[in-house]
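Ready to practise reading a protein structure step by step? Have the sequence and the 3D view open, and try each task before you read its solution.

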Amino acid sequence: MNNLDNIYLITDIPGFTPQISRLISMMNYARYTTIEATRGLTVDQLDYLIDSESNSIGALLLHFAAVEYAYQVQTFEGRELSEEEWLEWGPALRLGEEGREAIKGQELSFYIDRMNQVRMRTLELFGTVEDDWLNTEESFWYNKPANYYFMWFHVFEDEINHRGQIRVIRKRQGV
């Protein structure tokens with residue numbers, strides 16, 4: 001889905017409505033820069049912890065997939081994660097000690113594959129809705145209203161935020 005010739009264009013994408021196209025354009029750029037920031041990392045570099053309270057790069061990458069998956073469930077299926085889904089995605093959503101214990105020992109391809117699998121489903125789901133779907137409102141953080149546009153903005157805003165952490169971790173490792 002990432003056409004590198006158009007990576008800096010926030011524009012229409014065939015098969016998607018205009019606003020959804022623009023949202024996907026921004027998500028594509030965020031993902032492209034995330035992948036560039038992790039290119040070539042080893043398992044040890046992906047598992048590296050700055051200190052006993054930090055998250056690893058691998059955990060942050062899986063967090064991106066988990067957040068996106070959770071928003072698929074919330075916005076397209078209108079439900080919370082099931083118990084089974086929490087078992088699969090919980091450590092990556094919560095991070096912290098649970099993430100440090102559960103998310104390690106994987107090659108970069110594992111994390112990229114998980115992110116790609118979730119993103120492919122996101123794109124399939126986005127292809128089923130029109131722009132007005134983005135205006136759907138629900139009670140959100142602190143019982144404040146939010147629309148799906150904001151929720152999907154948050155998916156890649158969270159990735160951009162944590163990508164900054166990835167760059168700091170890389171720098172601390174000297175890579």
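The exercises below work through helices, helix pairs, aromatic rings and a few single residues of this predicted model.

**Exercise 1. Helix length**

Task: Find how the end-to-end reach of H6, H7 and H4 compares with the expected span of each helix.

Solution:
- Step 1. The expected span is 1.5 Å times one less than the number of residues.
- Step 2. Helix H6 covers residues 108–126, which is 19 residues. From first C-alpha to last it reaches 27 Å, close to the expected 27 Å.
- Step 3. Helix H7 has 26 residues, and its reach of 38 Å is close to the 38 Å expected.
- Step 4. Helix H4 has twelve residues, yet its end C-alpha atoms are only 15 Å apart. A straight helix would reach 16 Å, so H4 falls short of that value.

**Exercise 2. The buried residues of two helices**

Task: List the buried residues of H6 and H4, and name the helices they pack against.

Solution:
- Step 1. To count as buried, a residue needs a relative accessible area under 20%.
- Step 2. In H6 the buried residues are Leu-108, Tyr-111, Ile-112, Arg-114, Met-115, Val-118, Arg-119, Thr-122, Leu-123, Leu-125 and Phe-126.
- Step 3. Here is a general idea to keep in mind: an α-helix has 3.6 residues a turn, so residues three or four places apart point the same way.
- Step 4. The partners of the buried residues of H6 are helices H1 (18–38), H2 (43–47), H3 (57–77), H4 (83–94) and H7 (148–173).
- Step 5. For H4, the buried residues are Glu-85, Trp-89, Gly-90, Pro-91 and Ala-92. These pack against H3, helix H5 (96–102) and H6.

**Exercise 3. Two helix pairs**

Task: Work out whether H1 and H6 run roughly parallel or antiparallel, and then do likewise for H3 and H7.

Solution:
- Step 1. Two packed helices are described by the angle between their axes and the distance between the axes.
- Step 2. For H1 and H6, the angle is about 175° and the axes are 12 Å apart. An angle over 145 degrees counts as roughly antiparallel, and therefore H1 and H6 are roughly antiparallel to each other.
- Step 3. On the H1 side, the contact is made by Ile-20, Leu-23, Ile-24, Met-27, Asn-28, Arg-31, Ile-35 and Thr-38. On the H6 side, the contact residues are Leu-108, Ile-112, Met-115, Arg-119, Thr-122, Leu-123 and Phe-126.
- Step 4. Sorted by class, the contact of H1 with H6 has ten nonpolar, three polar and two charged residues.
- Step 5. The axes of H3 and H7 come within 9 Å and cross at roughly 175°, which makes H3 roughly antiparallel to H7. This contact of H3 with H7 divides into 13 nonpolar, eight polar and five charged residues.

**Exercise 4. An aromatic pair**

Task: Decide how the rings of Trp-141 and Phe-150 are arranged.

Solution:
- Step 1. The structure holds 15 aromatic pairs. In the pair of Trp-141 and Phe-150, the ring centres are 5.8 Å apart and the planes stand at 90°.
- Step 2. Planes over 60 degrees apart count as edge-to-face, so this is the arrangement of Trp-141 and Phe-150.
- Step 3. Trp-141 is partly exposed at 41% relative accessible area, and Phe-150 is partly exposed at 32%.
- Step 4. Both rings belong to one aromatic cluster, formed by Tyr-71, Phe-140, Trp-141, Phe-150, Phe-153 and Phe-156.

**Exercise 5. Positive phi**

Task: Locate Leu-95, Asn-143 and Gly-174, and say which of the loop residues is buried and which is exposed.

Solution:
- Step 1. Most residues other than glycine have a negative phi.
- Step 2. Leu-95, in the loop between H4 and H5, has a positive phi near 55° and is not a glycine. Its relative accessibility is 8%, so Leu-95 counts as buried.
- Step 3. Asn-143 lies in the loop between strand S1 (137–139) and strand S2 (145–147). Asn-143 also has a positive phi, about 55°, without being a glycine. At 68% relative accessibility, Asn-143 counts as exposed.
- Step 4. Gly-174 comes just after H7 and takes a positive phi of about 80°.

**Exercise 6. Gln-45**

Task: Is Gln-45 buried or exposed, and which residues does Gln-45 touch?

Solution:
- Step 1. Gln-45 sits in helix H2.
- Step 2. Its relative accessible area is 17%, so Gln-45 is buried.
- Step 3. Not counting residues up to four places away in sequence, Gln-45 touches Gly-40, Ile-57, Gln-173 and Val-175.

Definitions and conventions: Residues are numbered from 1 along each chain as its sequence is written. This is a predicted model: local features need pLDDT of at least 70, side-chain atom pairs count only at pLDDT 80 or more; totals for chains, interfaces and linings use all residues. Side-chain values use heavy atoms; hydrogens and water are left out. Rings of Phe, Tyr and Trp (its six-membered ring) pair if their centres lie within 6.5 Å; planes under 30 degrees apart count as stacked, over 60 as edge-to-face and the rest as tilted. Buried means under 20% relative accessible area, exposed over 50%, partly exposed in between (1.4 Å probe, protein chains only). Helices (H or I, at least four residues) and strands (E, at least two) are DSSP runs, numbered from the N terminus. Contact means heavy atoms within 4.5 Å. Axes are lines fitted to C-alpha atoms, for helices over the stretch in contact, and angles run from 0 to 180 degrees between N-to-C directions. Angles under 35 degrees count as roughly parallel, over 145 as roughly antiparallel, 65 to 115 as roughly perpendicular and the rest as oblique. Ala, Val, Leu, Ile, Met, Phe, Trp, Tyr, Cys and Pro count as nonpolar, Asp, Glu, Lys and Arg as charged, and the others, Gly among them, as polar.
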